[in-house]
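Me: Please take a close look at a single helix in this model and describe how it sits among its surroundings.

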Amino acid sequence: MGRSRRSYARLLLLGFLLLRFSWCLAVADDGGGAEEGGGIFPVVVSTWPFREAVRTAWEVVSASGGAGCSAVDAVVAGCSACEVLRCDGTVGPGGSPDENGETTLDALIMDGTTMEIGAVAAMRYVKDGIRAAKLVMDHTEHTLLVGEKATSFAISMGLAGPADLSSPESIGKWTIWRQNHCQPNFWKNVVPAGSCGPYNAIDVPSGESKASAKRVLERTQGDICQGLFEPNNLLEPMNSRLKIVNRHNHDTISMAVIDKMGRIAAGTSTNGATFKIPGRVGDGPIPGSSAYADDEVGACGATGDGDIMMRFLPCYQVVESMRRGMEPRDAAMDAILRIARKYPDFVGAVFAINKKGVHAGACHGWTFQYSVRNSSMQDVEVITVSP
């Protein structure tokens, strides 16, 4: 009887150890998804090979002593590092000029424990996007502040400014774009079609074909339109989203962290789409689109064509799918496929991580990479996901 009790106790101990440690499991990529098992908390996940940003977040969340810093603090630190480094020229100041040559910032932070969110959009003259977003969360009852009022708030709360967010690189890029007749751009159904604005709307009755719109352009613009049109792309030959949207001109750092206590946070920072129409707000500061977190379930981060993706709230969808029992890989693929069914040419990706630390990615229109660090790794690892 005593021997049986001791054997039973050993089995219980073994079971506890297996639950305490999450062993890595790789699942084959068969169409846009890849899944990896998490290690011991904490865990940091980020879009793209933004290794330094992930290392910075890791240093914060894995700090020795006690419970370490919170998931929220780690996300802010990681995204701030990317802003300083100007990751890919699409995060922080100095990149992605709008049509007027100005750089503005979008950012969001979400606490998955309290479900509080702070965000700023189209913020001018302040370099610290993610820190401004956290100030909104910490010191207001609001979720999102925009434009110059977001700037005034951030400066009043102690952030440096006003500052010029342009750089020689962003101004040089904008100058070349102007010399190329402001092509490509984000306008549609306007004249002039092949040069810089100001633009005027073309009145195309609802239900009319693009061929009808083409005839309007030819009638009003004459020879200017010759050579602009391509088959099946009548009004948007120079404006094709496939020509505008790619990793290096339309990107976001989206990061999720699970800290030592199992608390989850997510956040984003971006300077938006290159040559965007001034005032444009992408998916970066939109809760549930670029990022979402819930301690009870997990988190998600997104990157890509925000104007399309924000119509579907893919990260909210991912988290809710995991809440209903989907594994991260299936939840990520499902969210991407929902968009692709409506917009077959869209470019975007998501990563998903559940509360156990299991993570996955899915993408459409490009090869996606995301970065991970957990306690079982010696350094940041980059995972590639194919469309």
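Reply: Among the residues of helix α3 that are buried are Ala71, Val72, Ala74, Val75, Val76 and Ala77. The list of buried positions in α3 also includes Gly78, Cys79, Ser80, Ala81, Cys82 and Glu83. In total, 12 of the 15 residues of α3 are buried, and the helix is mostly covered. This is a predicted model.

The covered residues of α3 pack against two helices, α2 (51-61) and α4 (129-139), and against the strands β4 (105-111), β9 (253-258) and β10. The length of α3, residues 71-85, agrees with expectation, because 15 residues at 1.5 Å a residue should span 21 Å and the end C-alpha atoms are 21 Å apart. After α3 comes arginine 86, with a positive phi near 55°.

One of the strands that α3 packs against, β10, also borders the loop that holds aspartate 283, which runs between β10 (264-270) and β11 (291-294). Aspartate 283 is among the residues that an unreviewed UniProt entry lists under "binding site", as is Gly306. Aspartate 283 counts as buried because its relative accessibility is 4%, and its contacts include Ser289, Ser290 and Gly306. Glycine 306 lies in helix α9 (residues 306-309) and is likewise buried, at 0% relative accessibility.

As for confidence, the chain averages a pLDDT of 84, with 77% of the residues scoring at least 70. Over residues 1-33 the pLDDT is below 50, although this stretch has 37 contacts in the model beyond near neighbours in sequence. Residues 220-243 also have a pLDDT below 50, with 45 such contacts. Where pLDDT is low, the predicted coordinates should not be read in detail.

Notes
Residues numbered from 1 in each chain as written. Predicted model: local features only at pLDDT ≥ 70, side-chain atom pairs only at ≥ 80, totals over all residues. Heavy atoms only, no water. pLDDT = per-residue confidence, 0-100. Contact = heavy atoms within 4.5 Å. UniProt positions renumbered as here; feature names shortened; annotations may be inferred. Helix = DSSP H or I, 4+ residues; strand = E, 2+ residues; numbered from the N terminus. Buried < 20%, exposed > 50% of the residue type's maximum accessible area, 1.4 Å probe, protein only. Expected span 1.5 Å × (residues − 1). Lists of a residue's contacts leave out its neighbours within four places in sequence.
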